[in-house]
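Work through the exercises below with the model open beside you. Try each task before you read its solution.

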Amino acid sequence: QQIAGVDFKQATVEDFQRLYHCAPPGGKMCRKAPCQCSKPPCGKCMAGGGGGERPPAPAGGCAGDISCKPPKGPMDYKGMSWPTMSFKGEQTMHIFAIGDWGGMDGSLNPIEDRPSIVAYSWGKRPGPSVFPRTRWDLAHEVELCTHKEFVACFNSQGEGPECPASCGYVKGIDDQPQQLVAKAFSARAALKDPSFILNVGDNFYWGGIEKTCGTPMDQISFTAHHQFNQVFEQMYNGAGLSGKKWLSVLGNHDWGGRVFNNGWDQQIAYTWASNRWVMPAPYYMVHVDFPTQDFSADIYMLDSNFNDAKTPSEDSEHNICGSEHNPSGATCAAVGGPESVETCPGFFQALWGEQKIWMESKIAKSEATWQIAVTHFPCGEDGAGQAWYKKLKTQYGLDLLVTGHRHDQELWLPSDTHKNFMGGLTCIVTGGGGGITSEATPDPDNKKDWYGEAQYGFYDITISKEKIKIQSINWDGEVLLNTTVYPS
């Protein structure tokens, strides 16, 4: 019904052809879309709705802002402002921050002859499954657990001889971290009623939306619908969460991880197929008003994936532009993305360069009480040895930086002068959302390789006119750390 718009008992031969074209068993497309079907257009893979259709226009129509309709291309709304969000009332205002949360959709039958998104024996199941990465020591000099060894831990639930103790695998935590964090996230949302969510990216492991870039922006492919449904929609809902906006950016895995031509544009397009997902472009801003309490915030959403856009021959497992995994002739030029493997690093460097100019221009004009930046790559990784983030703090008054990518939870204070050179800027790394295994073992009795205060979790940010209070929330709901930020 979601694809063809009719029940299988009423479906015609052409409707079944449409099904096999859009979401075939085994993941191999059978023939082209049919010329005739029960619910045209027959080449569109979401005739039955099921959450993939654009929600109704707001009462009173649309005011002509970028939320009204999708752009022609995913880059068309770069640097533009999402409509002002306003939250009235005297209640305590909360914002949740989370990242690196989206696991593998093992129940998807990928198209384009792609392999299933399954890493271990029990991964082909509904809902998200965590991706098992490697684990290293604190200095990142000694590999404690290879990917192959970690897969063996998952296959044996940590009990097999091929799962070394150095992997730090913790049964019941490492095998379901997205579910655990989502449970704590939902429970706290029911109590605190966050106004919205800041999402720092890596929304779908391993490589974002599992199809090639180029789907029209007014369409949501069945692949994207399936992944959003299994990994996002079914995981984050309920009291305090349903209907809340997720202000989102792309992470390196959303671009493709080891390639640049996956369906990153479908994550942008989903903005107009959802009543809560917000990602109108790779970078944009949102003004937030709290009129009853007489304060406001400007939030700048940035794409910092130049950090993983390296020379094509370099570091093939951690390179969006790598020549080893990008297919021959890979291109997203038709939708404004990288034209080729060779030009890919320059594309991301140019994207970062134009954002820096844009950001300084916008923050210089900001009259909001608070200025907050959100991006994927961790605290300080600005390509300038933290100098640009320091400039944003000292010259323009940036109050808070919200990041991810490193798969743990880290609260960087101005007093952390051994690592924080950003001119007194407070920063958080919230990469412990559970879509991928954590940097170190989550065993609380073995913290020698921990960068921060937790391995899996999220942040609860309480915002008022006078201060921002930041609380680090563990996967079990425990408050681990907190700090307070005052306006610059």
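**Exercise 1. Which residues does Tyr 236 touch, not counting residues up to four places away in sequence?**

Solution. Contact means heavy atoms within 4.5 Å. By that test Tyr 236 touches Ile 98, Trp 101, Gln 178, Ala 182, Phe 185, Val 231, Leu 241, Trp 246 and Arg 276. Before going on, note the ground rules: this is a predicted model, where local features need pLDDT of at least 70, side-chain atom pairs count only at pLDDT 80 or more, and totals for chains, interfaces and linings use all residues. Residues are numbered from 1 along each chain as its sequence is written, and side-chain values use heavy atoms, with hydrogens and water left out.

**Exercise 2. Place Tyr 236 in the largest nonpolar core, and name the helix that gives the most to this core.**

Solution. Start with the term. A nonpolar core is a set of buried Ala, Val, Leu, Ile, Met, Phe, Trp, Tyr and Cys residues joined through side-chain atoms within 4.5 Å. Buried means under 20% relative accessible area, exposed over 50%, and partly exposed in between (1.4 Å probe, protein chains only).

Next, the members. The largest nonpolar core holds 107 residues, and Tyr 236, Leu 247, Met 359 and Ile 463 touch the most other members. Helix H7 (residues 344-365) gives the most to this core, eight residues. Helices (H or I, at least four residues) and strands (E, at least two) are DSSP runs, numbered from the N terminus.

Then look for another core. A second, separate one has 16 residues, among them Leu 108, Phe 131, Cys 153 and Tyr 169. In soluble globular proteins, nonpolar side chains tend to be buried together.

**Exercise 3. List the buried residues of helix H2, and find strands that cover them.**

Solution. H2 spans residues 147-156. Its buried residues are Phe 150, Val 151, Ala 152, Cys 153 and Phe 154. Cys 153 is also one of the residues in the second core. The cover includes strand E5 (135-136) and strand E6 (143-145). Gln 157 follows H2 and has a positive phi, near 55°.

**Exercise 4. Describe the largest pocket and the largest cavity.**

Solution. Rolling a probe the size of a water molecule over the atoms shows where empty space is left. On a 1 Å grid over the protein atoms alone, a cavity is a set of points where a 1.4 Å probe fits but cannot get out; a pocket is an open set with protein on both sides within 12 Å along at least five of seven lines; lining residues have an atom within 4 Å of a point. Grid points are joined across faces, edges and corners, and a volume is the space filled by probe spheres set on the points.

- Pocket: the largest has a volume of about 1,200 Å³. Its lining counts 45 residues, with Trp 206, His 253, Arg 258, Glu 317 and His 318 nearest its centre. By class, 17 are nonpolar, 16 polar and twelve charged.
- Classes: Ala, Val, Leu, Ile, Met, Phe, Trp, Tyr, Cys and Pro count as nonpolar, Asp, Glu, Lys and Arg as charged, and the others, Gly among them, as polar.
- Cavity: the whole structure has one of 30 Å³ or more. The largest cavity holds about 50 Å³ of space. Arg 133, Trp 136, Asp 137, Leu 138, His 140, Glu 439, Asp 449 and Tyr 451 line the largest cavity. That lining has three nonpolar, one polar and four charged residues.

**Exercise 5. Where does the backbone show cis peptide bonds or a positive phi outside glycine?**

Solution. Take omega, then phi.

1. Pro 40 and Pro 41 are joined by a cis peptide bond, omega about 5°. Pro 41 sits in the loop between helix H1 (13-22) and strand E1 (81-86).
2. The bond from Tyr 205 to Trp 206 is also cis, with omega near 5°. Trp 206 lies in the loop between strand E7 (196-199) and helix H4 (222-233).
3. Asp 202 has a positive phi of about 60°. Asp 202 lies in the loop between E7 and H4 and is buried, at 0% relative accessibility.
4. Glu 112 has a phi near 60°. Glu 112 is partly exposed, at 34% relative accessibility.

**Exercise 6. Is Gln 471 buried or exposed, and which side chain makes a polar contact with it?**

Solution. Gln 471 belongs to strand E17 (residues 468-474). Gln 471 counts as buried because its relative accessible area is 12%. Its side chain makes a 3.0 Å polar contact with that of Arg 188. A polar contact is a pair of N or O atoms within 3.5 Å; within protein, one must be able to donate a hydrogen and the other to accept it, and residues adjacent in sequence count only if both atoms are side-chain atoms.
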